[in-house]
Amino acid sequence: MAQHLDAAGDNQKKQRRYGRLFWKFVTYLKDYCANCTLAGFAYIANHRLHPTERIFWLLCVMVSSFGCYWLIREYQDSYPTRAVSIVYESMPPFSKWKFPTVSVCEVVYKYQLASQVEDYVQSLGGDADGEYSFELETHVSYIIFPHQYHEGNIRGHCTTIPNCPQCGQCPKENNRQILTWYGSNCTDMFAECRLSDKVFDCCRYFLPLITPYGRCFMLNSLQNNRHGLKSWLPTVLDPATQLAKMQLITKLPVQVSLMNEEDIPHTALSPIGVTVTDPGQNKLLQFHRETMENDPDVIEIPPKIRNCLFPEENLPSSVYRAYSFSTCISDCTRNFQMEKCNCTHFIMNPMADPRYPDCNLEGLYCLEINNVVKPDGKLLLNNNKGYKESCGCLPSCNDGDIQAVYEAISEFDKSTTTRNITLSMPALPTDQFRRQALRSRLDVVVSMGGMLGLFLGASILSGIECIYYFTVRAFNNAWREHETHA
């Protein structure tokens with residue numbers, strides 16, 4: 001009985017203590033409302049006014065608060081669609097312009113391989129009759145020229161022939177080294193290079209890079225070069241004194257493409273370019289380019305809202321030095337390959353990143369069985385659709401527009417075996433795209449502050465005042481009360 005009475009007494013003490021705390025809070029709240037700078041709150045807390053006046057001001061404050069909330073909510077909902085705008089503007093007359101990045105990739109001419117490649121194929125062994133194995137040649141050709149791949153290539157040409165121990169077998173590993181050993185180097189590829197009729201050193205400026213298309217030589221690419229290096233060719237041209245023309249003379253059949261400096265050649269994305277295969281073939285490609293310029297404050301807007309990524313905003317899992325849509329698709333392919341087979345095709349890992357081991361022959365079998373050797377169409381169709389096989393790749397913020405204007409019929413010079421490719425821009429660009437930030441961080445702060453000030457008369461000092469009343473002032477009042485009772 002005594003314990004029951006003690007418990008009841010303790011509960012009453014707790015209730016009285018909580019009651020005192022509640023009324024203290026009410027006192028602080030009334031004091032805050034009576035003295036704060038927010039419009040209308042002083043009338044609500046003024047007990048000398050008639051209740052109808054206080055209720056009137058309470059309704060006014062509630063309506064204003066709801067109106068402020070509604071406007072801020074509308075502003076937030078419209079922010080993703082109205083934060084960035086792309087305009088088409090005229091360029092100043094006689095503006096200098098920059099030649100685009102050029103990629104030169106070797107291709108096969110009528111399935112004719114170099115003599116050292118044929119010697120390597122012969123060293124692997126012959127067919128069932130002891131003759132030269134064209135099945136092995138096809139597989140080795142696929143290693144050196146990956147763009148030739150078709151579904152079933154690996155299993156179709158690397159199947160072990162039963163009861164034939166002397167028959168040749170496909171190389172089980174070191175595919176990256178095979179490309180390095182037997183792929184063409186720069187001096188094998190180029191004979192002469194000219195920009196605006198001035199000769200430049202091809203092998204100084206065209207740097208090798210392993211791409212999903214194969215081994216290519218890139219001019220002014222952010223993937224294997226940087227602005228300001230000696231290997232970066234100055235391609236900013238003055239239309240008053242320089243021609244927008246590049247001439248490439250090659251010794252081998254090539255695919256020449258024009259692209260932005262952060263892009264790479266990719267089998268899924270066909271850039272503007274020409275293929276020149278026959279000896280003595282001359283080809284002219286005329287193109288037109290419109291660049292994309294970005295205002296400095298565009299980068300402050302989140303990528304999902306501006307719907308693009310800058311080259312320096314590379315993904316942590318990427319093996320490339322700069323972001324672009326083409327590198328993102330390549331990274332996505334590599335990730336699918338790692339998920340299915342715990343290895344990746346070496347063309348998806350140009351820098352030999354140890355996080356992603358190269359597939360040996362068994363790994364290539366696995367990739368082919370799971371249809372992830374070159375899933376280009378599937379990845380592009382499912383991109384940004386939220387599926388399991390969706391890459392979620394955004395375009396590059398620097399992604400300009402390059403269009404083919406005219407591709408001349410090939411001419412042939414029987415007196416030479418070199419190929420001649422001319423890339424020309426007959427009309428200099430007069431317009432460009434510009435991405436503008438309609439709502440920067442400062443705009444958001446100003447807009448939010450304007451709404452709060454319009455409806456409630458609030459400012460930054462009003463927020464500080466609210467914190468002050470319920471922290472510093474409350475502590476001081478409690479301390480004074482404690483000293484008085486002491």
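Which residue follows α14, and what is the sign of its phi? In this predicted model, helix α14 is followed by G457, which has a positive phi, near 65 degrees.

The helix itself comprises 16 residues, 441–456. At 1.5 Å a residue, α14 should span 22 Å, and this expectation agrees with the distance of 22 Å between its end C-alpha atoms. Three of its residues, M448, M451 and L456, are buried. Viewed down the axis of α14, these buried residues fall within an arc of 90 degrees, and they therefore line one face of the helix. Such an arrangement can be read against the geometry of helices in general. With 3.6 residues a turn in an α-helix, residues three or four places apart point the same way. On the other side of α14, by contrast, L442, V446 and L454 are exposed.

Attention may next be given to the pockets of the model. The largest pocket has a volume of about 460 Å³. It is lined by 24 residues, of which K98, R289, T291, M292 and E293 are the closest to its centre. Two or more lining residues are given by each of the strands β2 (97–98), β12 (281–290), β13 (292–294) and β17 (431–437). Among the elements, β13 provides the largest share of the lining, with three residues. By class, the lining of this pocket consists of nine polar, eight charged and seven nonpolar residues.

Conventions:
Residues are numbered from 1 along each chain as its sequence is written. This is a predicted model: local features need pLDDT of at least 70, side-chain atom pairs count only at pLDDT 80 or more; totals for chains, interfaces and linings use all residues. Side-chain values use heavy atoms; hydrogens and water are left out. On a 1 Å grid over the protein atoms alone, a cavity is a set of points where a 1.4 Å probe fits but cannot get out, and a pocket is an open set with protein on both sides within 12 Å along at least five of seven lines; lining residues have an atom within 4 Å of a point. Grid points are joined across faces, edges and corners, and a volume is the space filled by probe spheres set on the points. Helices (H or I, at least four residues) and strands (E, at least two) are DSSP runs, numbered from the N terminus. Ala, Val, Leu, Ile, Met, Phe, Trp, Tyr, Cys and Pro count as nonpolar, Asp, Glu, Lys and Arg as charged, and the others, Gly among them, as polar. The expected span of a helix is 1.5 Å times one less than its number of residues. Buried means under 20% relative accessible area, exposed over 50%, partly exposed in between (1.4 Å probe, protein chains only). The arc is that of the directions from the helix axis to the C-beta atoms.
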